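Trainee: I have a model open and would like to go through one part of the sheet. Can we start with a single residue and work outward?

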Amino acid sequence: MPEPILIISVKKPEQQERRFQSSLDELVSLCETAGGTVEKVITQNRQRIHPAYYIGEGKMNEIKNTAEDLQIKLIVSNDELSPGQLRNLSDHIGIRVIDRSQLILDIFAQRARTKEGKLQVELAQLEYLLPRLHGQGTEMSRLGAGIGTRGPGETKLETDQRHIRQRIVDIKRRLKAVVQQREQYRKRRRTNEVFQIAVVGYTNAGKSTLFNRLTNSSSMVEDQLFATLDPLTRKIQLPSGFQTLLTDTVGFIQDLPTSLVASFKSTLEEVTEADFILHVVDAANPDMEQHHNTVKSLLKDLEADDIPMLTVYNKKDLLDDDFIGIDHPNILISALEESDITRLLLKVESILKEEWEWYQVQLQPDQGKILNRLQHESIITNQSFIESENEYSVKGFIRPEHPLNGVMKG
């Protein structure tokens, strides 16, 4: 049975109407993803957020009456609330109140699958909860009592400050070990000169669908926010035979809680380690530009904005009008069309050719190992066997820093 939810939000003068409405629509989707159903949205125009109650005191009576009429079980604020605002709102209205950040953390708690993902979510939840312990009320004194309270741990945690601080220290220690293990994997991949492509984009842009079509795999695909949480990596082959690793990453979102950005740093580092980025954008979404800018801003925060990138405008099958992309280079596709997947792979190769160095080399028949490496680790444009010379002639493009590049020049 979905939990009935009432959304409250304050619009400040500097907020654009469209951006404000977009964040509300997104919050409705987040509530549905968490397993709730939004019965009503109450907004208020204010010069500034009320320091004690977030929303105006007069508006609170309207919220209280509406909540009683609609038998609301949970109120969700569109903005992050201070510990005092949370406490005052809950006391005055008499219904459990959470904010956007807590809701996102709750969804992440439901979606985490790997040990690392679960630890990261729990860490973010506890760091968020610690300053808000006072005034959570008896119902909120445990994790596990409905939307906004779910934790990935096996047991419900008593919200005891000392206990939580100790748990945070313990999780950080365990995460450190996991991060070191992940770094070992990365080092091995770098040592093996494996080229890496990361798929990034706003949540629900179609990243996982595209990832599955490119890798012929079946990671979770749902028309919901944050369907993918734990990064997944697969090997793919481009049309020329060049082999690369492709990683699907967690969806980006505007106003992502800072605690989540910090605690998911090791997950997002998959992006910073990439040699190339596919930025997937839902071309049919009315807030496409906002979503696009959110991802670009987060990539800049991660210091990944200088990595070569192709913007993939997805869902062209849902477009009615002519489409012009914001970023270059770009490509307009439908991840559901096989011909578009081929076009995308060819486009990736054409961009890499512009970035890489052209080479031409003659190889003897006993140099099969080098030939094999060139076939998988470079983009070959022409390969032939010259019988009169008893040698292979190979032409193509290779990364400037690739070890074979030095061998061929030598």
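**One residue and its strands**

Mentor: Start with H279, which is found in strand 8. Keep in mind that this is a predicted model.

Trainee: Is H279 buried or exposed?

Mentor: H279 counts as buried, because its relative accessibility is 1%, and the cut-off for buried is under 20%.

Trainee: What does H279 touch, leaving out residues up to four places away in sequence?

Mentor: H279 touches V200, G201, H292, V295 and K296, and also M309, L310, T311 and V312.

Trainee: Where do M309 and L310 sit, and which way do they point?

Mentor: They belong to strand 9, where M309, T311 and Y313 point one way and L310, V312 and N314 the other. In a regular strand, side chains alternate between the two faces of the sheet.

Trainee: How many residues of strand 9 are buried?

Mentor: Six of the six residues in strand 9, which spans 309-314, are buried.

Trainee: New topic, pairing. In what sense do strand 8 and strand 9 pair?

Mentor: Strand 8, residues 276-282, pairs with strand 9 in the parallel sense, over six bridges. One bridge has D282 partnered with N314 of strand 9. Between the two strands the chain passes through helix 10, residues 288-301, and this β-α-β crossover is right-handed.

Trainee: And which residues make up strand 10, the one joined to strand 9?

Mentor: Strand 10 covers residues 330-332; it runs parallel to strand 9, with three bridges joining them. The partner of Y313 in strand 10 is L332.

Conventions: Residues are numbered from 1 along each chain as its sequence is written. This is a predicted model: local features need pLDDT of at least 70, side-chain atom pairs count only at pLDDT 80 or more; totals for chains, interfaces and linings use all residues. Side-chain values use heavy atoms; hydrogens and water are left out. Buried means under 20% relative accessible area, exposed over 50%, partly exposed in between (1.4 Å probe, protein chains only). Helices (H or I, at least four residues) and strands (E, at least two) are DSSP runs, numbered from the N terminus. Two strands pair if DSSP finds at least two bridges between them. A crossover is right-handed if, with the strands pointing away from the viewer, the path from the first strand over the helix to the second runs clockwise. Contact means heavy atoms within 4.5 Å.
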